[in-house]
Amino acid sequence: MPGTNDRFDGKRVLADLNALRAIGAYRTGVHKPTFSEPHLRSLDWLAARLPEAELVAAIDGIGNVFGTSAKAGPKLLAGSHLESQNHAGWLDGPLGVIYALEAARVINPDPGIHGAVEVASWCDEEGHFGSFLGSRSYAGAVSEADIDAARDRSGDRTLRQALQDAGFAGRPRVTAEAGRHIGYLEAHIEQGDTLESSGLKVGIVTSIVGIWQYRITFTGAQNHAGTTRMAVRKDAGLALARFCVAIDDSFPALCGPRTVWTTGRITLDPGAPSVIPGSAEMLFQIRDDNPAVIERLEQQLRRMAAEVTAQGRSAVQVERIRTGVPATMTSAFQDAIEAASAACAGGKSIRMPSGAGHDAQVLATIMPAAMLFVPSIGGISHHWSENTDDADIVTGAEVFVETCRRLLAG
Ligand SMILES: [Zn+2]
């Protein structure tokens, strides 16, 4: 019926999110690893919805779903992802996709609005086969050789096989068309408790933190755990443990207000109770939105490594294995979200960086990009109990649609 699709409908947003939750349900969350059967069904579900928003649906050769519009005027790209972490929450990803769909349903059929919202669901944001595979493919940053080399992190299926099984092999991959979009907008649950603990409804993302990762190796001397006197040991495991503590002691004086650091995996070699570890390794990660802070902390790591090495018991090496440049969100888009929050959410918004990675950071490399957050109950995410109040979901959707309207109006 004409005229029924052009009004914002919060109930429709909730119903759609629950429909996606029913596909691959796990407790109150979902289990939808990339290219699993429930993930593929979710992609088809979205493709079937897109015509409601006067969009032509297509799924490309990497599993990205696109809804494209033939309407005249400026076009805004909006979306998120539909796969999940294993046994995880129902909103991480689908929230942003359904907000985009709702914005398109409200805006595209409206002849009074010049321009359209186009919808994207980026494949494998959660990194089962790679990291930001779909959005990076769209940005032209994934080669055929990258696809050849990728495999499922938890199984033995290659990406090529998974694409074959899904029926996507041989399809072209869609890449960004220069000048087509005025920018990209993505909504996401906060996955932290900043909004909830402050009674706020909308987070306006200022930047998405960069992630720097290091492999720190310790080389001592492997020896008998019963006969080697304590005084002469070169225990690489002990050196590693001390190093971890030293990081925690020295970083607070050098870091920024929101810097976080984590030792993710420790390996001792040979890792037997009767053998003094001859070598040890730790994978270490730092996140911040300021490269100068990271630079300072990295220098500190190298200084500490040199000091321990000079003491003569263990040689320490610091190797940077991943550099993630922080992504700055477009300030005019942030202003639009703020104005929309004032109009639809009583101004209960705050500007904040994102500590988690999102497809928006990839899109930000090729067009203006912005993100808005809605509250997460208890700050919980990447867990099946992840949730957001229905009322907050609806408020966020309203702010999202209003933001799209304002961005298209220029
Ligand atoms: Zn996500």
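Is tryptophan 261 buried, partly exposed or exposed? In this predicted model, tryptophan 261 is partly exposed, because its relative accessible area is 21%. The limit for a buried residue is under 20%. The partner of tryptophan 261 in an aromatic pair is described below, after the overall fold.

The chain has 410 residues. Its secondary structure comprises 12 helices and 17 strands. The C-alpha atoms occupy a box of roughly 85 × 45 × 40 Å along the principal axes. The radius of gyration is 24 Å. A compact globule of 410 residues would have a value near 22 Å, so the two agree. Buried residues account for 51% of the chain. The accessible surface amounts to about 17,200 Å². Carbon and sulfur atoms contribute 51% of that surface. Many contacts link distant parts of the sequence: among those between residues at least 6 apart, 79% join residues at least 24 apart.

A zinc ion is bound by the chain through three residues. The donors are His81 (NE2), Asp92 (OD) and His188 (NE2), at 2.0 to 2.2 Å. Along the sequence, these donor residues follow the spacing H-x10-D-x95-H. Histidine 81 and aspartate 92 both lie in the loop between β5 (75-80) and α3 (94-107), so this pair ties together parts that are 11 residues apart in sequence. Histidine 81 and aspartate 92 are both buried.

Another histidine, histidine 128, sits in the loop between β6 (116-121) and α4 (133-138). Histidine 128 counts as buried because its relative accessible area is 2%. A polar atom of its side chain lies 2.7 Å from the backbone oxygen of serine 84. Serine 84 also appears among the residues that histidine 128 touches. Leaving aside residues up to four places away in sequence, the contacts of histidine 128 are Pro33, Thr34, Glu83, Ser84, Gln85, Asn86, Arg151, Asp152 and Arg153.

The loop between β6 and α4 also holds aspartate 124 and phenylalanine 132. Both residues have backbone angles worth noting. Most residues other than glycine have a negative phi. Aspartate 124 is not a glycine, yet its phi is positive, at about 60 degrees. Phenylalanine 132 likewise has a positive phi, near 55 degrees. Aspartate 124 is buried, because its relative accessibility is 0%. Phenylalanine 132 is buried too, with a relative accessible area of 9%.

A further backbone feature concerns a peptide bond. Most peptide bonds are trans. The bond that joins aspartate 269 and proline 270 is cis, with omega about 5 degrees. Proline 270 lies in the loop between β11 and β12 (275-276).

Aromatic rings form 10 pairs in the whole structure. In one of them, the ring centres of phenylalanine 251 and tryptophan 261 are 5.1 Å apart. Their planes meet at 75 degrees, so the pair is edge-to-face. Phenylalanine 251 is in the loop between α8 (236-250) and β11 (260-269), while tryptophan 261 is in strand β11. The pair therefore ties together parts that are 10 residues apart in sequence. Phenylalanine 251 has 0% relative accessibility and so counts as buried, whereas tryptophan 261 is partly exposed at 21%. Elsewhere, Phe66, Trp122, Tyr138 and Tyr184 make up one aromatic cluster.

Tyrosine 214 belongs to strand β9 (residues 210-219). Tyrosine 214 is buried, because its relative accessibility is 0%. Its side chain makes a polar contact of 2.7 Å with the side chain of glutamate 298. Glutamate 298 is also among the residues that tyrosine 214 touches. With residues up to four places away in sequence set aside, the other contacts of tyrosine 214 are Met282, Leu283, Phe284, Ile286, Ile294, Leu301, Val318, Glu319, Arg320 and Ile321. Glutamine 317 lies 103 residues from tyrosine 214 along the chain. The C-alpha atoms of tyrosine 214 and glutamine 317 are nonetheless separated by 9.9 Å.

Key. Residues numbered from 1 in each chain as written. Predicted model: local features only at pLDDT ≥ 70, side-chain atom pairs only at ≥ 80, totals over all residues. Heavy atoms only, no water. Helix = DSSP H or I, 4+ residues; strand = E, 2+ residues; numbered from the N terminus. Buried < 20%, exposed > 50% of the residue type's maximum accessible area, 1.4 Å probe, protein only. Contact = heavy atoms within 4.5 Å. Polar contact = N/O pair within 3.5 Å; in protein donor to acceptor, adjacent residues only side chain to side chain. Donors = N, O, S within 2.8 Å, 3.2 Å for Na, K, Ca; no water. Rg over C-alpha atoms; globule rule 2.2 N^0.38 Å. Areas by Shrake-Rupley, 256 points an atom, 1.4 Å probe, with all protein chains shown as cover. Phe/Tyr/Trp six-rings, centres within 6.5 Å; stacked < 30°, edge-to-face > 60°.
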